[in-house]
Amino acid sequence: MIFVDADACPVKAEILKVAERHGFEVTFVANSGLRPSRDPMVHNVIVSAGFDAADNWIAERAGEGDIVVTADVPLAARCVATGALVTGPSGRLFDKSNIGMASAMRDLGAHLRETGESKGYNAAFTARDRSAFLETLDRLCRQAKR
(Lines give C-alpha, C1' and ligand atoms only; values in the text may rest on other atoms or scores of the structure.)
Protein backbone atom coordinates (compact mmCIF):
# COMPACT_ATOMS: atom_id res chain seq x y z
CA MET A 1 0.00 0.00 0.00
CA ILE A 2 1.13 3.54 -0.75
CA PHE A 3 -0.23 6.16 1.63
CA VAL A 4 -0.12 9.77 0.41
CA ASP A 5 -0.37 12.89 2.54
CA ALA A 6 -2.34 14.41 -0.32
CA ASP A 7 -2.98 18.00 0.71
CA ALA A 8 -0.74 20.07 -1.58
CA CYS A 9 1.07 16.97 -2.90
CA PRO A 10 2.56 17.91 -6.29
CA VAL A 11 3.24 14.33 -7.47
CA LYS A 12 -0.15 12.59 -7.38
CA ALA A 13 -0.06 11.67 -11.07
CA GLU A 14 3.46 10.26 -10.73
CA ILE A 15 2.40 8.16 -7.74
CA LEU A 16 -0.45 6.64 -9.73
CA LYS A 17 1.85 5.88 -12.65
CA VAL A 18 4.45 4.07 -10.53
CA ALA A 19 1.84 2.32 -8.37
CA GLU A 20 0.07 0.92 -11.43
CA ARG A 21 3.34 -0.38 -12.86
CA HIS A 22 4.13 -2.20 -9.59
CA GLY A 23 0.57 -3.26 -8.70
CA PHE A 24 0.33 -1.22 -5.48
CA GLU A 25 -2.86 0.17 -4.02
CA VAL A 26 -2.79 3.91 -3.31
CA THR A 27 -4.64 5.76 -0.57
CA PHE A 28 -4.76 9.54 -0.83
CA VAL A 29 -5.54 11.15 2.54
CA ALA A 30 -6.55 14.82 2.71
CA ASN A 31 -8.52 17.39 4.68
CA SER A 32 -10.23 18.67 1.55
CA GLY A 33 -11.66 17.36 -1.69
CA LEU A 34 -9.82 14.93 -3.91
CA ARG A 35 -10.46 14.06 -7.52
CA PRO A 36 -12.37 10.76 -7.55
CA SER A 37 -10.96 7.76 -9.39
CA ARG A 38 -12.72 4.78 -10.90
CA ASP A 39 -9.61 2.67 -10.41
CA PRO A 40 -10.31 0.08 -7.69
CA MET A 41 -6.64 0.33 -6.65
CA VAL A 42 -7.03 4.02 -5.73
CA HIS A 43 -8.75 5.07 -2.50
CA ASN A 44 -9.55 8.59 -1.31
CA VAL A 45 -9.95 9.34 2.38
CA ILE A 46 -11.21 12.74 3.52
CA VAL A 47 -10.50 13.38 7.19
CA SER A 48 -11.74 16.16 9.45
CA ALA A 49 -10.10 19.55 9.26
CA GLY A 50 -8.67 18.94 12.73
CA PHE A 51 -5.00 19.55 13.43
CA ASP A 52 -2.88 16.67 12.04
CA ALA A 53 -6.00 14.60 11.20
CA ALA A 54 -4.54 13.33 7.91
CA ASP A 55 -1.17 12.66 9.55
CA ASN A 56 -2.78 10.71 12.38
CA TRP A 57 -4.86 8.64 9.95
CA ILE A 58 -1.78 7.67 7.95
CA ALA A 59 0.46 7.05 10.99
CA GLU A 60 -2.14 4.73 12.54
CA ARG A 61 -2.25 2.53 9.42
CA ALA A 62 1.18 2.62 7.77
CA GLY A 63 3.58 -0.12 8.75
CA GLU A 64 6.21 -2.56 7.60
CA GLY A 65 6.20 -2.89 3.81
CA ASP A 66 4.02 0.17 3.21
CA ILE A 67 5.23 3.31 1.45
CA VAL A 68 4.37 6.80 2.68
CA VAL A 69 4.70 9.97 0.60
CA THR A 70 4.82 13.13 2.71
CA ALA A 71 6.72 16.38 3.05
CA ASP A 72 5.77 16.49 6.74
CA VAL A 73 8.84 15.54 8.81
CA PRO A 74 6.94 14.66 12.03
CA LEU A 75 4.67 12.31 10.04
CA ALA A 76 7.74 10.86 8.32
CA ALA A 77 9.32 10.19 11.73
CA ARG A 78 6.20 8.41 12.99
CA CYS A 79 6.03 6.24 9.88
CA VAL A 80 9.76 5.41 9.87
CA ALA A 81 9.30 4.22 13.47
CA THR A 82 6.66 1.71 12.32
CA GLY A 83 8.90 0.32 9.58
CA ALA A 84 7.27 2.08 6.64
CA LEU A 85 9.35 3.29 3.69
CA VAL A 86 9.03 7.07 3.49
CA THR A 87 9.83 9.64 0.80
CA GLY A 88 9.06 13.29 0.28
CA PRO A 89 7.60 14.60 -2.99
CA SER A 90 11.06 15.77 -4.08
CA GLY A 91 12.49 12.25 -3.75
CA ARG A 92 14.04 12.86 -0.33
CA LEU A 93 14.22 9.55 1.47
CA PHE A 94 13.48 9.43 5.19
CA ASP A 95 14.86 6.45 7.11
CA LYS A 96 16.31 5.54 10.51
CA SER A 97 19.71 6.93 9.52
CA ASN A 98 18.50 10.46 8.76
CA ILE A 99 15.12 11.07 10.40
CA GLY A 100 16.70 12.45 13.58
CA MET A 101 18.66 15.06 11.64
CA ALA A 102 15.62 15.89 9.49
CA SER A 103 13.56 16.45 12.66
CA ALA A 104 16.28 18.60 14.24
CA MET A 105 16.62 20.73 11.09
CA ARG A 106 12.85 21.18 10.93
CA ASP A 107 12.77 22.31 14.56
CA LEU A 108 15.68 24.69 13.98
CA GLY A 109 13.95 26.17 10.93
CA ALA A 110 10.75 26.67 12.94
CA HIS A 111 12.71 28.41 15.69
CA LEU A 112 14.47 30.70 13.20
CA ARG A 113 11.13 31.64 11.60
CA GLU A 114 9.60 32.35 15.03
CA THR A 115 12.47 34.64 15.99
CA GLY A 116 12.44 36.43 12.65
CA GLU A 117 15.92 35.23 11.70
CA SER A 118 14.53 33.47 8.63
CA LYS A 119 11.64 34.21 6.31
CA GLY A 120 11.12 30.49 5.71
CA TYR A 121 10.64 30.54 1.96
CA ASN A 122 10.48 27.11 0.37
CA ALA A 123 12.31 26.40 -2.86
CA ALA A 124 10.11 26.00 -5.93
CA PHE A 125 9.26 22.44 -7.00
CA THR A 126 11.29 21.63 -10.13
CA ALA A 127 11.39 19.07 -12.92
CA ARG A 128 14.54 17.69 -11.27
CA ASP A 129 12.53 17.15 -8.03
CA ARG A 130 9.83 15.32 -9.99
CA SER A 131 12.42 13.09 -11.66
CA ALA A 132 14.15 12.34 -8.35
CA PHE A 133 10.78 11.46 -6.83
CA LEU A 134 9.94 9.04 -9.64
CA GLU A 135 13.29 7.30 -9.21
CA THR A 136 12.94 7.09 -5.41
CA LEU A 137 9.35 5.83 -5.50
CA ASP A 138 10.20 3.18 -8.08
CA ARG A 139 13.11 2.00 -5.91
CA LEU A 140 10.90 1.91 -2.79
CA CYS A 141 8.25 -0.11 -4.63
CA ARG A 142 10.86 -2.69 -5.65
CA GLN A 143 12.18 -2.76 -2.07
CA ALA A 144 8.68 -3.19 -0.60
CA LYS A 145 8.00 -6.14 -2.88
CA ARG A 146 10.97 -8.08 -1.47
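In the predicted model, strands β1 and β4 run parallel and are joined by three bridges. Within this pairing, F3 of β1 has V68 of β4 as its bridge partner. Strand β1 also runs parallel to β2, to which four bridges join it, and here F3 stands opposite T27. The connection from β1 to β2 passes through helix α1 (residues 12–22), and the three elements make a right-handed β-α-β unit.

These pairings belong to an open sheet of six strands, arranged in the order β3-β2-β1-β4-β5-β6 with mixed pairing. The edges of the sheet are formed by β3 (42–46) and β6 (93–94), each of which pairs on one side only. An antiparallel pairing is found between β5 (residues 85–87) and β6, which are joined by two bridges; in this pair, V86 has F94 of β6 as its bridge partner. In general, strands of a sheet pair through backbone hydrogen bonds, in either a parallel or an antiparallel manner.

Strand β1 is covered on both faces. Residues I2 and V4 are buried on one side, and F3 and D5 are buried on the other. Such a division accords with the general rule that side chains in a regular strand alternate between the two faces of the sheet.

Two helices were examined in relation to the strands. Helix α2 (residues 53–61) has as its buried residues A53, A54, D55, W57, I58 and A59. The elements covering these residues include strands β1, β2 (26–30), β3 and β4, together with helix α3 (73–81). Helix α5 (residues 127–145) lies across β1 (2–5), β4 (67–69), β5 and β6. With respect to β5, the helix runs at about 175°.

Residue T136 is located in helix α5. Its relative accessible area is 5%, and T136 is therefore classed as buried, the cut-off being under 20%. Apart from residues up to four places away in sequence, T136 touches T87, G91 and L93. With G91, a polar atom of the T136 side chain lies 3.0 Å from the backbone oxygen. Among the residues touched by T136, T87 falls within strand β5 (residues 85–87) and L93 within the edge strand β6 (93–94), two of the strands across which helix α5 lies.

Definitions and conventions: Residues are numbered from 1 along each chain as its sequence is written. This is a predicted model: local features need pLDDT of at least 70, side-chain atom pairs count only at pLDDT 80 or more; totals for chains, interfaces and linings use all residues. Side-chain values use heavy atoms; hydrogens and water are left out. Two strands pair if DSSP finds at least two bridges between them. Contact means heavy atoms within 4.5 Å. Axes are lines fitted to C-alpha atoms, for helices over the stretch in contact, and angles run from 0 to 180 degrees between N-to-C directions. Buried means under 20% relative accessible area, exposed over 50%, partly exposed in between (1.4 Å probe, protein chains only). A crossover is right-handed if, with the strands pointing away from the viewer, the path from the first strand over the helix to the second runs clockwise. A polar contact is a pair of N or O atoms within 3.5 Å; within protein, one must be able to donate a hydrogen and the other to accept it, and residues adjacent in sequence count only if both atoms are side-chain atoms.
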